[in-house]
There are 2 protein chains.
Amino acid sequence: MVPAPHDHHGDVRRLVLDAAIAIIESDGAESLSMREVARRAGVSHQAPYHYFGDRSGIFAAISEEGFTLLAQAFRDVDFSNTSPAKAGFIAYLSFARKHVGHFRVMFRQDICGVTDNEGTATAASSAFDELLQMVARTIGSSVDPTAAHTFAFTMWSHAHGLATLVIDGPLPQKLLAGVSLDDQIDAVINLCSHMVALEAAEMGLVPSQS
Amino acid sequence: MVPAPHDHHGDVRRLVLDAAIAIIESDGAESLSMREVARRAGVSHQAPYHYFGDRSGIFAAISEEGFTLLAQAFRDVDFSNTSPAKAGFIAYLSFARKHVGHFRVMFRQDICGVTDNEGTATAASSAFDELLQMVARTIGSSVDPTAAHTFAFTMWSHAHGLATLVIDGPLPQKLLAGVSLDDQIDAVINLCSHMVALEAAEMGLVPSQS
DNA sequence: AGTACAACTTGACAATGTCAAGTACAACGA
DNA sequence: TCGTTGTACTTGACATTGTCAAGTTGTACT
């Protein structure tokens with residue numbers, strides 16, 4: 001007996017999601033068409049609507065998954081070899097480059113409405129919580145929460161700006177001559193980490209490495 | 001005599017561009033439809049094609065204008081009251097918040113192909129040149145070019161990440177409680193600037209303000 | 001007067017997002 | 001065993017979109 005379409009179950013959802021992520025990764029978020037997604041997933045053009053409601057629903061789902069993955073990536077960081085700040089930067093960058101499809105969507109609330117969607121919002125919050133913990137490793141946990149928050153926000157900005165410029169910006173192709181992109185990224189990460197270390201040292205919480 | 005449509009001249013181009021920027025500013029880049037732009041500009045649905053070729057052409061034009069405006073904003077920075085780094089961060093942030101429509105497009109080469117378009121590429125290069133000059137004010141001009149480039153890249157990442165998170169990210173609505181967004185931004189800019197100053201001091205080029 | 005060109009407009013078409021209405025199967029209570 | 005309910009889709013239809021092709025209208029130059 002031919003397997004009924006019912007045998008898929010949650011399968012189709014995953015298929016649709018993966019097809020969407022692949023499209024975003026290769027052609028960008030605007031190029032994502034519901035019908036193309038359906039076609040690649042081998043389902044009717046309405047199947048995606050069943051699971052995601054509409055186009056922005058699919059983006060919201062990808063965004064949620066992205067923040068969950070990011071939180072996990074933060075949790076998996078190995079702090080044994082480098083400073084927490086540098087390890088964090090590296091983790092963020094490698095997450096962004098590994099999950100371009102997710103990353104392109106996660107911070108675009110014009111298309112996925114992070115704040116409108118509850119699941120996405122909590123996933124984002126939990127990723128930020130992990131970030132705060134990493135910050136605590138850098139500047140200690142005795143700093144007042146507002147300052148810690150500012151520090152976290154700052155580190156996030158550093159990492160996010162770098163990732164964004166690398167992935168979608170005009171930097172990789174044009175502005176760097178003679179030096180490989182990876183080397184440039186390393187140099188920037190090193191500089192960032194060093195600046196953070198200096199700041200932390202000045203805050204009197206970590207011995208300066210001079 | 002009714003004014004002939006011809007009397008517009010370059011006018012229509014400007015009208016179309018402004019309509020497009022307004023749409024992007026309020027609804028994001030994906031929501032931009034050529035026909036809606038034409039409708040708002042009060043022209044036929046094909047007029048925009050005459051000037052911009054296709055949808056990505058309009059994005060490229062906005063991007064080019066954006067980079068030109070950014071370069072100008074860098075040129076107009078007043079360095080008399082603050083450190084060059086801080087003045088630069090403030091300039092970048094206020095540019096991004098003032099020209100959201102441009103900013104949303106400038107770094108998205110998936111939709112406007114910065115590198116494909118010559119005008120956009122040169123505008124972007126000239127903005128980066130201005131940035132390099134600002135960096136020279138911070139770390140001196142005797143540093144070797146590669147290090148200066150890394151420093152510029154780093155500062156750009158800081159500023160860009162902050163701007164991106166503020167404008168499109170999940171930050172403004174969710175993650176900051178009790179403190180106004182502007183105050184948070186100020187705090188981050190101050191921290192960034194301070195870190196940059198520390199780094200510059202350590203490079204031995206500017207006296208530490210300890 | 002005639003030709004060339006810029007600056008549009010009108011018309012057409014395939015593809016898209018989405019609403020509405022079906023269909024098929026599984027699970028459950030009577 | 002039968003009907004009901006719900007899920008997981010599919011098919012059909014429609015307005016809207018990006019874009020190609022073919023006008024039209026005025027301006028500039030020869």
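Domain bounds here come from an automatic or database domain assignment. The model is predicted.

**Exercise 1. Find the domains of chain A and describe how they meet**.

Step 1. Take the bounds from the assignment: domain 1 of chain A covers 1-53, and domain 2 covers 69-202.

Step 2. Look for contacts across the two domains. Six residues of domain 1 of chain A are in contact with seven residues of domain 2 of chain A.

Step 3. Sort the domain 1 side of this contact by class: four residues are nonpolar, one is polar and one is charged.

**Exercise 2. State which secondary structure elements chain A contains and how its contacts are spread along the sequence**.

Step 1. Count the elements: chain A has eleven helices and zero strands. Read along the sequence, the pattern is therefore written α-α-α-α-α-α-α-α-α-α-α, with helices counted as DSSP runs of at least four residues.

Step 2. Consider the contacts in chain A between residues at least 6 apart in sequence. Of these, 66% join residues at least 24 apart.

Step 3. Check burial. Chain A has 210 residues, and 46% of them count as buried.

**Exercise 3. Identify the residues with the most contacts inside the largest nonpolar core, and list what Ala20(A) touches**.

Step 1. The largest nonpolar core has 128 residues.

Step 2. Ala20(A), Leu93(A), Ala20(B) and Leu93(B) have the most contacts inside this core.

Step 3. Leave out residues up to four places away in sequence from Ala20(A). Its partners are then Leu32(A), Val37(A), Ile58(A) and Ile62(A).

**Exercise 4. Work out how chain A and chain B are related**.

Step 1. Superpose the chains. A turn of 180° with a shift of 0.0 Å along the axis lays chain A on chain B, with an RMSD of 0.1 Å.

Step 2. The two copies are therefore related as by a two-fold rotation axis.

Step 3. Locate the axis in chain A: the residue of this chain that comes closest is Gly161(A), with its C-alpha at 1.7 Å.

Step 4. Compare the contact residues. The same surface serves both copies, since 100% of the contact residues of chain A recur in chain B.

**Exercise 5. Describe the side of chain A that touches chain B**.

Step 1. Count the residues in the contact: 45 come from chain A and 46 from chain B.

Step 2. Assign them to helices. In chain A, H7 (109-112), H8 (118-139), H9 (145-167), H10 (171-175) and H11 (181-202) each supply at least two residues.

Step 3. Find the main contributor: H9(A) gives the most, with 14 residues.

Step 4. Sort the chain A side by class: 22 residues are nonpolar, 16 are polar and seven are charged.

Methods: Residues numbered from 1 in each chain as written. Chains lettered and ligands numbered in written order. Predicted model: local features only at pLDDT ≥ 70, side-chain atom pairs only at ≥ 80, totals over all residues. Nonpolar A, V, L, I, M, F, W, Y, C, P; charged D, E, K, R; others polar. Core = buried A, V, L, I, M, F, W, Y, C linked by C-beta atoms within 7 Å. Buried ≥ 20, exposed ≤ 12 C-beta atoms within 10 Å, placed from the backbone. Least-squares fit on C-alpha atoms with pLDDT ≥ 70 in both.
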